[in-house]
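Colleague: Could you give me a close look at one part of this model and then follow it outward, step by step? Please give the cut-offs behind your terms as you go.

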Amino acid sequence: MHRTVVVGLMSGTSMDGVDAALIATDGEEVEAFGPTHFRPYEPDERAVLRAALTAAVDLDSRDARPGILSEAERIVTEAHAEAVEALLARQDVDAPRVTLVGFHGQTVFHAPDRRLTIQIGDGAALSHRLGIPVVYDFRAADVAAGGQGAPLVPVFHAALVRAAGLSGDVAVVNIGGVANVTRIGADGSIVAFDTGPGNALIDDLVRERTGASMDVGGVLSASGTVQLQSLAELMDDPWFDLPPPKSLDRDAFSRAPVARLSTADAAATLAAFTAETIARGVALAGGAGEIIVCGGGAHNPAILRLLAEASGATVTTADALGWSGDFMEAQAFAYLAARSVAGLPLSLPETTGVPYPMPGGVLAEPRPPAP
């Protein structure tokens with residue numbers, strides 16, 4: 001197959017900013033990793049995006065952009081354009097070789113039981129501004145066919161595990177706002193699903209209590225004591241025992257059980273909640289001797305320690321393997337964009353519950369100049 005140099009873009013449920021990453025791929029194997037760039041959201045931009053989360057709950061059409069959602073989509077599109085432009089301006093990037101962009105957009109609502117998933121971001125406008133074809137709207141086809149629409153990264157995780165030559169049963173866990181697991185069996189089989197909360201509950205707690213956007217370095221989580229009664233209340237949700245496939249919205253769980261705890265104890269308890277639910281998810285997927293963690297949660301030592309204790313597995317970070325834990329999802333959407341234009345499936349029955357291997361994504365081409 002033809003190798004393509006692709007920029008992948010991701011703005012996750014933590015809404016800290018836009019990750020941009022360049023890779024070379026044919027949509028099956030990853031041939032090379034390139035430079036990366038992070039474009040943070042400014043506080044006023046993040047405030048608009050958070051307001052859009054609230055507004056999106058009332059939508060019944062994935063194309064509607066009433067009120068604040070229109071402004072949020074403009075912000076998302078512009079921020080992603082700036083991220084690509086900054087990456088392409090680097091001296092170590094051969095910009096003319098970049099022939100495709102994978103644009104996930106910003107999820108503002110995800111309810112696959114209603115066959116509804118909403119990612120804001122104008123793919124056509126981004127393509128026109130950059131002058132590069134853009135693949136976007138990755139989740140809609142899967143959800144419309146009855147799939148969960150998430151997680152979509154597992155086929156990329158499997159490609160990374162193949163390239164690294166890892167053996168045995170391996171779980172790749174991404175801890176963003178929501179956490180998800182990809183379990184690659186020793187026989188090459190793939191099982192993947194959302195496991196529960198990632199960083200979102202801790203982020204929201206820290207923002208509410210301290211004004212900071214996150215628990216940087218997991219310092220707060222490490223300083224507190226896990227309150228077992230509160231943890232038991234958090235874990236008392238039948239969702240965790242549901243068989244896969246399954247996926248979650250960012251705000252699926254409440255922080256009410258930790259509301260009366262000190263900030264440090266609340267953060268520690270929420271970190272334990274994330275770790276315990278990931279461990280339960282790994283077991284539900286079939287178990288693994290090694291868990292590789294990527295995403296923002298990989299920077300929280302408390303979560304990593306608690307995950308090792310809860311799972312009994314060897315826990316390591318993606319960075320320790322030479323992967324890019326912070327930019328893996330952006331790299332994944334570059335890979336998925338290449339798969340999309342090649343007509344290869346992005347999701348499988350074993351990853352999202354879709355009835356058959358499902359291609360996806362919409363291709364936007366730059367508009368020709370006006371005569």
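Modeller: Just after helix α6, G211 takes a positive phi of about 90 degrees. What you see is a predicted model, in which local features need pLDDT of at least 70 and side-chain atom pairs count only at pLDDT 80 or more, while totals for chains, interfaces and linings use all residues. Residues are numbered from 1 along each chain as its sequence is written, and side-chain values use heavy atoms, with hydrogens and water left out. Helices (H or I, at least four residues) and strands (E, at least two) are DSSP runs, numbered from the N terminus.

Helix α6 itself spans residues 200-210, and its buried residues (under 20% relative accessible area, with exposed meaning over 50% and partly exposed in between, for a 1.4 Å probe and protein chains only) are A200, L201, I202, D203, D204, L205 and V206. Their cover includes α1 (43-56), β9, α7 (219-223), α9 (263-285) and α10 (301-311).

From β9 we can step to β8. Strands β8 and β9 (residues 190-197) run antiparallel and are joined by seven bridges; two strands count as paired if DSSP finds at least two bridges between them. T182 stands opposite A192 in β9. This hairpin has five residues between the strands, and G188 there takes a positive phi near 90 degrees. Strand β7 (residues 170-175) also pairs with β8, in the antiparallel sense and over six bridges. Here I175 is opposite A179, and the hairpin has two residues between β7 and β8. Seven of the seven residues of β8 (178-184) are buried, so the strand is largely enclosed by the rest of the structure. Both of its faces are covered, with V178, N180, T182 and I184 buried on one side and A179, V181 and R183 on the other.

Next comes strand β4, where two residues are worth a visit. Q106 sits in β4 and counts as buried because its relative accessibility is 1%. Its side chain reaches the backbone oxygen of G12 at 3.0 Å. Contact means heavy atoms within 4.5 Å; leaving aside neighbours within four places in sequence, Q106 is in contact with S11, G12, T13, M15, Y41, L49, V76, I118, Q119 and I120. H110 is in β4 too and, at 8% relative accessibility, is also buried. The side chains of H110 and T117 share a polar contact of 2.9 Å, a term for a pair of N or O atoms within 3.5 Å where, within protein, one must be able to donate a hydrogen and the other to accept it, and residues adjacent in sequence count only if both atoms are side-chain atoms. Beyond four places in sequence, the contacts of H110 include L116, V143, Q148, A150 and D249.

One of those partners, A150, leads to a backbone feature: the peptide bond from A150 to P151 is cis, with omega near -10 degrees. P151 lies in the loop between α4 (140-144) and α5 (154-164). Another cis bond runs from P244 to P245, with omega near 5 degrees, and P245 is in the loop between α8 (228-235) and α9. Between β4 and β5 there is a loop that holds R115, a residue other than glycine with a positive phi, near 55 degrees. R115 counts as exposed, at 53% relative accessibility.

D137 also has a positive phi near 55 degrees; this residue is in the loop between β6 (134-136) and α4 and is buried at 18%. D137 brings us to the second largest pocket, which is lined by 15 residues, with R65, Q119, G121, Y136 and D137 nearest its centre. On a 1 Å grid over the protein atoms alone, a pocket is an open set of points where a 1.4 Å probe fits, with protein on both sides within 12 Å along at least five of seven lines, and lining residues have an atom within 4 Å of a point. Its volume is about 240 Å³, the space filled by probe spheres set on grid points joined across faces, edges and corners. The largest share of the lining, three residues, comes from β4.
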